[in-house]
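Please open the structure in your viewer and keep the sequence panel at hand. The tour below proposes a series of selections and describes what is found at each.

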Amino acid sequence: MKHTIEVMISEQDVQARIKELGEQITAYYQGSENLVMVGLLRGSFIFMADLARAIELPHEVDFMTASSYGNAMESSRDVRILKDLDDEIEGKDVLLVEDIIDTGNTLNKVREILALRNPNSIRICTLLDKPERREVAVDAEWIGFEIPDEFVVGVGIDYAQKYRHLPFIGKVVPQED
Ligand code: PRP
Ligand code: MN
Ligand code: MG
């Protein structure tokens, strides 16, 4: 599809918001001895790197990959773990870091799976939230921006694996030719 990218949220606004989230999260986890940031690959990698540097507390980082795919026979979505965490999370304060919550299926399932491992707590921070698209409830404690139901890219988010590197949130606009 021919398309152009329009800026929806500028780099400056993204960075300012990440700084604010970092301050709130830092205040919230004061005194936590074992905070671990868990990024969901691949989309979270840039937000994760920025947020980690905005959190002024000692913490570990770990990553996992969850794949969601539609099942043509059912309306429900299956979510599989393609790459699990490297370390145990028992007793830890887990901060799940996502680029975007869309239907909610990915985070809902990941939170459920991680909760079985007896962490001390699980909280969610997402850069973007598209509430109009929600199929299952997800309670995210920290949300960077609520956005309308538009196809977006940048700051880790892809369109057909491209545009993840863009430092702003862009909207994909189909183009006639
Ligand atoms: C995208 C996005 C979230 C998920 C949100 O990941 O990064 O992880 O979809 O969708 P949901 O709320 O409907 O589950 P994707 O599966 O495209 O993989 P990627 O992170 O590698 O781009
Ligand atoms: Mn993702
Ligand atoms: Mg993707």
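## A guided tour

Begin by selecting V153, which stands opposite G170 of β9. Please bear in mind throughout that this is a predicted model.

**The strands around G170.** Extend the selection from V153 to the strands β8 and β9, which pair in the antiparallel sense over two bridges. Next, select V7: this residue also stands opposite G170 in β9. Add E6, whose bridge partner in β9 is K171. To see the wider pairing, select β1 together with residues 169–174, the strand β9; six bridges join the two, and they run antiparallel.

**The sheet as a whole.** Now display β1, β9 and β8 together. They form an open sheet of three strands in the order β1-β9-β8, with antiparallel pairing. Which strands stand at the edges? Select residues 3–9 and residues 152–153: these are β1 and β8, and each has a single partner strand, so one side of each is left without a neighbour in the sheet. If your viewer draws hydrogen bonds, it is useful to recall that strands of a sheet pair through backbone hydrogen bonds, either parallel or antiparallel.

**The surroundings of ligand 1.** Select ligand 1 and then the residues around it. The shell holds 14 residues, and the closest are R42, G43, D102, T103 and T106. Two elements give two or more residues to this shell, namely β5, at 93–101, and α3, at 105–115. Which element gives the most? It is β5, with four residues. Colouring the shell by class shows three nonpolar, six polar and five charged residues.

**The full chain.** Clear the selection and show the whole protein as a cartoon. Three helices and nine strands are present. Followed along the sequence, they give the pattern β-α-β-α-β-β-β-α-β-β-β-β.

Turn next to the overall dimensions. Along the principal axes, the C-alpha atoms fill a box of roughly 55 × 45 × 25 Å. The radius of gyration is 16 Å, which agrees with the value near 16 Å for a compact globule of 177 residues.

Finally, colour the residues by burial: 28% of the 177 residues count as buried. A contact map offers a last view. Among the contacts with a separation of 6 or more, 66% are between residues 24 or more positions apart.

Definitions and conventions: Residues numbered from 1 in each chain as written. Chains lettered and ligands numbered in written order. Predicted model: local features only at pLDDT ≥ 70, side-chain atom pairs only at ≥ 80, totals over all residues. Near = placed C-beta within 6 Å. Nonpolar A, V, L, I, M, F, W, Y, C, P; charged D, E, K, R; others polar. Pairing = 2+ DSSP bridges. Rg over C-alpha atoms; globule rule 2.2 N^0.38 Å. Buried ≥ 20, exposed ≤ 12 C-beta atoms within 10 Å, placed from the backbone. Contact = placed C-beta atoms within 7 Å.
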